[in-house]
Amino acid sequence: MSKTSVEKLYGDFWADEDRDVVAPAPRGTEWLFDVFSELGPHAGQLLIDVGARDAKHAVRLVQEHDLRAIALDPVARHVDLARRAVAEAGADVDVVQAGIEDMPIDDGVADWIWCRDVLVHVDLARGFAECARVLRAGGHLLAYVTCSTSRLEPREAAWLFDALAIVPESTDPQVIETRAADAGLVLRSKTELGGEWRERMLADGTWSANDDLAELSRLRRSGADFGDPRVAAQAAGAAWGIYQLLGKTCPTVYVWTSST
């Protein structure tokens, strides 16, 4: 790529005040539920929500599609929140403290696995093997995972991954797809979202890049110790959405089908 001249920059590139936006309007987080609906769930089928947190997704999917569900999460606090939410909703959801790498679920009983913001934290080989084990033949795994890109510099990656309990290889799309195939899962679709959801959050006012950037600035200006794991987690959490907008990470939606 040739170096831009001052004349070209100000007299051409930035002189055009009617530059067209080439990307389509961004889809928001609701789109993930549309993807699930389009896959054709049927009443009475069993959904496993791995890394369910407060189980709000499991509850919603059960209520919208008349499903049964098991909400799994390894974090005790999340399990407590999930049990309260399920009780309040009166939904047909069992809450279990467990992770994707060791699911206390029988072989071949699940029709669906919903997996959002989980794969980056786990051993992919074990996690995918468990998913393949519990899915019935033809069952689906719908996963949202934030992948790293070549724009994420090694030092940035090391800081981000250490701070947010992320397994580095589990952000690599090639590794993700290879581990899934090794487990016997067949890739049905892959959608790279990039910063799309964050764009929509900005437009809807549900997330503020300004607030996160200001928080990062304040932490540095205050002399906060970024070697402190608590501070590092706070800073990395603030940088998470910014990195998506900058293309350093790429949120991606996968759909796999069980072949066993």
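**Legends to close-up views of the predicted model**

Among contacts in the protein between residues at least 6 apart in sequence, 77% join residues at least 24 apart. The coordinates shown are those of a predicted model.

**Figure 1. Overall fold of the predicted protein, with ten helices and seven strands.** The C-alpha trace spans about 65 × 40 × 35 Å along its principal axes. Of the 260 residues in the protein, 45% are buried.

**Figure 2. The largest pocket, with a volume of about 780 Å³.** The lining consists of 29 residues, and those closest to the pocket centre are Arg53, Arg116, Asp117, Arg198 and Trp240. Two or more lining residues come from each of α2 (30–38), β1 (46–50), α3 (56–65), β4 (110–116), β5 (135–148), α8 (196–204) and α10 (229–246). Helix α10 gives the largest share, four residues. Sorted by class, the lining of this pocket holds 13 nonpolar, seven polar and nine charged residues.

**Figure 3. Surroundings of Arg116, a residue of strand β4.** Arg116 is one of the residues closest to the centre of the largest pocket. Is Arg116 buried or exposed? Its relative accessibility is 17%, so Arg116 counts as buried, the cut-off being under 20%. Apart from residues up to four places away in sequence, Arg116 touches Thr29, Leu32, Val50, Gly51, His57, Tyr144 and Trp197.

**Figure 4. The second largest pocket, with a volume of about 280 Å³.** Its lining comprises 17 residues, and Gly51, Asp73, Pro74, Val118 and His121 lie nearest the centre. By class, eight of the lining residues are nonpolar, four are polar and five are charged. Gly51, named here, is also among the residues that Arg116 touches.

**Figure 5. Helix α7 (residues 173–182) and its buried residues, Val175, Ile176 and Ala180.** Why do these residues lie on the same side of α7? They cover an arc of only 130 degrees around the axis, which puts them on the same side of the helix. In an α-helix there are 3.6 residues a turn, so residues three or four places apart point the same way. The face of α7 turned away from the buried side carries the exposed residues Gln174 and Asp182. Elements that cover the buried residues of α7 include α5 (124–134), β5, β6 (185–192) and β7 (249–258).

**Figure 6. The two ends of α7, with Asp172 as the cap of the N-terminal end.** A side-chain oxygen of Asp172 lies 2.9 Å from the backbone nitrogen of Gln174. After the helix comes Gly184, which has a positive phi, near 95 degrees.

**Figure 7. Val253 in strand β7.** With a relative accessible area of 2%, Val253 is buried. Lys190 is 63 residues from Val253 along the chain, and their C-alpha atoms are separated by 5.7 Å. Not counting residues up to four places away in sequence, the residues that Val253 touches are Trp31, Leu32, Leu142, Ala143, Tyr144, Ser189, Lys190, Thr191 and Leu193. Of these, Leu32 and Tyr144 are also listed among the residues that Arg116 touches. Strand β7 itself is among the elements that cover the buried residues of α7.

**Figure 8. Val86 in helix α4 (residues 76–89).** Val86 counts as buried, at 10% relative accessibility. Which residues are in contact with Val86, its neighbours within four places in sequence left aside? They are Ala55, Val59, Ala91, Val93 and Val95. Lys56 is 30 residues from Val86 in sequence, with a C-alpha to C-alpha distance of 8.1 Å.

**Figure 9. Asp66 and Ala165, two loop residues with positive phi.** Most residues other than glycine have a negative phi. Asp66, which is not a glycine, has a positive phi of about 55 degrees. Asp66 is found in the loop between α3 and β2 (68–73), and at 52% relative accessibility it counts as exposed. Ala165, also not a glycine, likewise has a positive phi of about 55 degrees. The loop that holds Ala165 runs between α6 (154–163) and α7. At 53% relative accessibility, Ala165 counts as exposed, the cut-off being over 50%.

Technical notes:
Residues numbered from 1 in each chain as written. Predicted model: local features only at pLDDT ≥ 70, side-chain atom pairs only at ≥ 80, totals over all residues. Heavy atoms only, no water. 1 Å grid on protein atoms, 1.4 Å probe; cavity = no way out; pocket = protein on both sides within 12 Å on 5 of 7 lines; lining within 4 Å. Points joined across faces, edges and corners; volume = space filled by probe spheres on them. Nonpolar A, V, L, I, M, F, W, Y, C, P; charged D, E, K, R; others polar. Buried < 20%, exposed > 50% of the residue type's maximum accessible area, 1.4 Å probe, protein only. Arc of directions from axis to C-beta. Contact = heavy atoms within 4.5 Å. Polar contact = N/O pair within 3.5 Å; in protein donor to acceptor, adjacent residues only side chain to side chain.
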